[in-house]
Each structure stands twice: as structure tokens, then as C-alpha cells.
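Please open the structure in a viewer and keep the selection tool at hand. The tour below proceeds by stops, each with a selection to make and an account of what is found there.

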Amino acid sequence: MDYLRLVLTVFSLVLVSALWKLFQFLIWRPYAVTRFFAKQGIRGPPYAVLSGSLPEIKKLKKEGRNMVLDLNSHDITPKVLPHYLKWTSEYGKPFLYWYGTDPRICITDPELAKQVLSNKFGFYTKPRINPTVIAMIGRGLALITGMDWVKHRRVVNPAFNTDKLKVMTKRMAACTLSTLQGWEHQLVCSKDHCKEIDIRREFQILTGDIIAHTAFGSSYLEGKAVFETQRELQPYALASVTDIYIPGRQYIPTWSNRQTWKLDWKIRTTVRSIVESRLKKGEESGYGDDLLGLLMGVSETASVKQADMKLNMHEIIEECKTFYFAGHETTSNLLTWTVFLLCLHPEWQKRLREEVLKECGSEVPDAETLNRLKQVNMVILEVLRLYCPVISLVRVASEDMKLGELMIPKDTMVAIPLAMIHRSKTQWGEDANEFNPRRFSDGVSKAAKHPNALLAFSVGPRACIGQNFAMMEAKLVIALILQRFSFSLSSTYIHAPVDNLTLQPQFGLPVVLKSLGV
């Protein structure tokens, strides 16, 4: 009897302790954090137990997806960041909201954003990522933190030096010319030598082909299964982003989880097959001069003293997944929105074509020539400002931090809505919502009031490692298209940008191509 009483007493104490911790996490902590920020004059939507502000976010985003914008409107914030817009008008800047049980402070000041993103001491880290998103894009350089990030960055960084990019330009051009030849064939077969195509779909295929050749040395036919499967995973990843995070939920065999497991297995199997094939060939001829070859070569040749430079098979696969996604998804959308804006502004299309023909003639531009295309560069930067592929960033304070005049408690998330910063009239002037590439005529740092007001590639030590790769690819593809085609917007186009982890045209981008006879 005494033993049973002891067991019941211990069980009661454990239960009370667990309930107390749950109360602190779900009730007391949100109350304390809300009060802490209120004393600093920061307000926001009320906290709801467990779900926080997520129900309202879902509601507003659903309404946003149903919106259609005026064709000439570049103010996409009401459609893709409706909750930020609503709460900014109600509570001012900055404001506090709750992503489930996680507090988020939204900042739109470029200087504060720079302080967060440029911190070299790891005080602002990447947030916890939903497992479904990780399955899609991989736990590679973009998501890992700490010493793992240092190791991966050190291994990957040489792949993006100037000499490597020059070599990659030739591979980019070969892939692009193959695609454009297909377009020309379609035009020849058409009655009036005009053809309507969904340029977004074409760019998805093209950038997938480019990343397969430049980063992995495999043909599009061998590698296409990776990014096609990533696209299949995208709806599940998108749906999971606004779900309430429950630890261990990803192991429950729901229909959604089973689909995620199946698709993740397919991606991993495909990449593993490519790696193993390269390993067999590498025994005789080396691993190649592309990204995959570099990852494998460094890991294979690292000595015991360089053990921190070795990537195991799992790490190599995760990096491949990351670069497959980042290398084609974001760039394909950048190219898509570039064509969209050049369709809306034929005078700029004509101006860029004249520049390309002057600098390149009918020849394929090399890296040096691409660097001379100043106006093409200006247009792409303006596209990144107005239609940035990634519309927001989030970081987590790893300890209590002072940010400007604000005190940020440990574990508070800092949300940085790039789409709003890129449209700030304070930073960009009264024409902030208009297409004006001339603002970049003196470079990025002088385009706005603050030198870091353009955050398309982030800033600081974790700035996008593929920035120069993406810019070179975008300039090359646009230059080759301008040499050969004119293009205009189809009357069937519906202007509805949507955030599907990256900013995309919700209903595609149909354009009418016409050959220039080059």
C-alpha cells in the first residue's frame, strides 16, 4: 500500500510539473512577452492559445490568393503579405504577432534588418524549419547553422569563384541555346510566325537544365526527376508552413506525411544514384569540376586533420537537394518576372535589345561581355526589387538582444518583410511602386536612401552564396532571348502574383513570341 501511494505521489508530482511547464509555455510566456513589448510601445494582434495569429494569417492569405491585381499594379503587398499590411496599419511599425506559440516582431527599417542579417556572432539564427519544407529543399547550406554551416560554406564556396563562373557561363549558354532553338522551331511551324507560350513553364525547364549541367554535370533527362519531385512536394510544404507546429507530428502516418515520405525518398534515391555513379567514374577520371564533383572531391581527399572538411553521403545529398531547388526555382521566377515587366514596358525591351546587339552582336556573350550590359543589370535589379523571389526572411534571437532602440527577448523571431521594404516610399521615393530601372544607374548602394534597402540576396555572412551565379544566368538568358525574339503579353494573362514559398504568377505567364530572324 505504501508502495502504491509512493507511485501515485511521484506520478502526481510529474503531472503537476508537466502541467505547470505547459501553462508557462502556452499562457504565461505569451503574456510576459506581450507585456514586455507593450512597455516598449509595441503592440499587435492578440495571442490565441496554441494557434497564436495563425488563423487570421490563413484567412487573410486565402483572401489574398483570390485577389486579381490591375495589370499595371506592382504593389503586390495586399495579395502576398496581407497580414503584414493589415497589422502595420492597425498597430504601426514595428508590431508583434504570434506564429503559433512563437513571438515574431516585424521590422521594416533597412538599418535594423541589416543589423540582424549582418550579425557575425550568430546571435540571430535561422528559425526551426517545418520538416516538410526540409524534405523539399534539403538541410543544406541555406538552412544549417553553427559549425555545420561553417564547414559546408568552406566546402561549397570555391564552386562560385570567378573562374568557375566563367566556365559555367558556357554551359548556361549551351542549355539556353537548345531551348531557344526549340522556340524557333515552333515559330517556323506556326502560320504567322508568332507563338503563345507559358514562359514560366519554359523557364522552369530551362533553369532545371542549367543547374543540372553546371552544378551536377548531369543531363536534364537524368536530373529532371529531382526538381520535378520538388515541385510535387511544394504544395505540401506550402500547406505545412501555416500549420501549428507539434513536435513529432511528421512521424504520424497521415496521408500528407506519407506523400511527403514517398517524394522525399524519390529525391534522395535519385540524387544518391547520381552520386554513386560519379563515385564509380571518379576512381579513374576524377569527380568533375562542378559543384557535386567539388563536394565529393573535398570529402574524399580531406585528411584526418581536415576531418571538419569532409561531407558524408547524407550531407552531399542534402546539399544537392538545396542547390537543385535554389538553382532553378528562384532563378526561373526572376526570369519570368523580368519578361513580364519587359512586356509591360516595350521601350525598355527595345533599349535592352539595342544594348545587347551593340555589345554582343549575334554572338553568345561571355562573362566579360555580360558585365558590360549595364542596362540589363539595372532592369534585373529593379525586377528583384518589385518581384523578389523570396518575399520575407525570419531570424531568431539566440539570446536577449538590443536591436536599435528595441530590446528583443531570447527566442523571439524577427520577421523582415522584403516586399514591404522594397516598396518603402521613405527609402525609394514616391515612385516606389513603379518600374524604374534608372534608380540603379549608380549601383545598388545609391539606389535608395539606405544602401541596404535592396535585400533580394540578403546581406552579411549568410548572404546568398549563389548571387553571382543567379545574376550571370539571368543576364545571359535575357540577352540571348533579346537577340532572337520580341515578346508581348498575351491577352489571357491574369496578374495574380502568389507566394508559393517563392513569388510566382498564380496562373502562369503566357506571352506571344515573335522571331527577329537572327
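## The surroundings of helix α4

The buried residues of α4 are covered by elements that include α2 (54-65), α3 (77-80), β1 (95-99), β2 (102-106), β8 (413-416) and α17 (418-421). The model shown is a predicted one. Please select helix α4, residues 82-91, and within this helix highlight Pro82, His83, Tyr84, Trp87 and Thr88, which are its buried residues.

Continue along the chain to Gly92, which follows α4 and has a positive phi, near 80°. Next, select Lys93 and Pro94: the peptide bond that joins them is cis, with omega about -10°. Pro94 belongs to the loop between α4 and β1.

## The largest nonpolar core

Which residues touch the most other members of the largest nonpolar core? Select Tyr97, Trp183, Phe203, Phe216, Val339, Phe340 and Ile416; these hold that position in a core of 149 residues. The element that gives the most to this core is α13, with 15 residues. As general background, nonpolar side chains in soluble globular proteins tend to be buried together.

Please centre the view on Ile416. Residues up to four places away in sequence aside, Ile416 touches Ile107, Ala113, Val116, Leu117, Ile391, Ser392, Leu393, Ile421 and Leu455.

## Helix α13 and its partners

The next selection is helix α13, residues 313-344, together with helix α7, residues 146-156; their axes come within 12 Å and cross at roughly 70°. With that angle, α7 and α13 are therefore roughly perpendicular to each other. The crossing is right-handed. To display the contact, show Lys151, His152 and Val156 of α7 with Glu315, Glu319 and Phe323 of α13. Sorted by class, the residues in the contact of α7 with α13 are two nonpolar, one polar and three charged.

Keep α13 in view and add α19, residues 467-484. The axes of α13 and α19 come within 10 Å, crossing at roughly 45°. Are the two helices parallel or oblique? α13 and α19 are oblique to each other, and the crossing in which α13 passes α19 is right-handed. On the α13 side, select Gly327, Thr331, Leu334, Leu335, Thr338 and Val339; these meet Ala470, Glu473, Ala474, Val477 and Ile478 in α19. The contact of α13 with α19 comprises seven nonpolar residues, three polar and one charged.

Before leaving α13, select Phe325, which is found in this helix. Phe325 has a relative accessible area of 10% and is therefore buried. Beyond four places in sequence, Phe325 touches Met136, Ile137, Gln230, Thr330 and Thr502. For a sense of scale, draw a C-alpha to C-alpha distance from Phe325 to Lys446: the two are 32 Å apart in space and 121 residues apart in sequence.

## Helices α8 and α19

Now hide α13 and show helix α8, residues 162-189, beside α19; the axes of α8 and α19 come within 10 Å and cross at roughly 35°. Their crossing is right-handed. From α8, the residues to select are Leu165, Met168, Thr169, Met172, Ala173, Thr176, Leu177, Leu180, Trp183 and Glu184, and from α19 they are Asn468, Phe469, Met472, Glu473, Leu476, Val477, Leu480, Ile481 and Arg484. In the contact of α8 with α19, 13 residues are nonpolar, three are polar and three are charged. Trp183 was also selected at the earlier stop, among the core residues that touch the most other members.

## Two leucines with positive phi

Select Leu50, in the loop between α1 (2-38) and α2. Its phi is near 70°, a positive value in a residue other than glycine. Leu50 has a relative accessibility of 37% and therefore counts as partly exposed.

Then move to Leu501, in the loop between β10 (497-500) and β11 (502-505). Leu501 is also a residue other than glycine with a positive phi, near 75°. How accessible is Leu501? Leu501 is partly exposed, with a relative accessible area of 25%.

## Last stop: Asn257

Finally, select Asn257 in helix α11, residues 255-285. Asn257 is buried, and its relative accessible area is 10%. With neighbours within four places in sequence left aside, Asn257 is in contact with Arg249, Gln250, Tyr251 and Ile252.

Terms used
Residues numbered from 1 in each chain as written. Heavy atoms only, no water. Helix = DSSP H or I, 4+ residues; strand = E, 2+ residues; numbered from the N terminus. Buried < 20%, exposed > 50% of the residue type's maximum accessible area, 1.4 Å probe, protein only. Contact = heavy atoms within 4.5 Å. Axes fitted to C-alpha atoms, helices over the stretch in contact; angles between N-to-C directions. Parallel < 35°, antiparallel > 145°, perpendicular 65-115°, else oblique. Left-handed = near helix turned anticlockwise from the far one by under 90°. Nonpolar A, V, L, I, M, F, W, Y, C, P; charged D, E, K, R; others polar. Core = buried A, V, L, I, M, F, W, Y, C linked by side-chain atoms within 4.5 Å.
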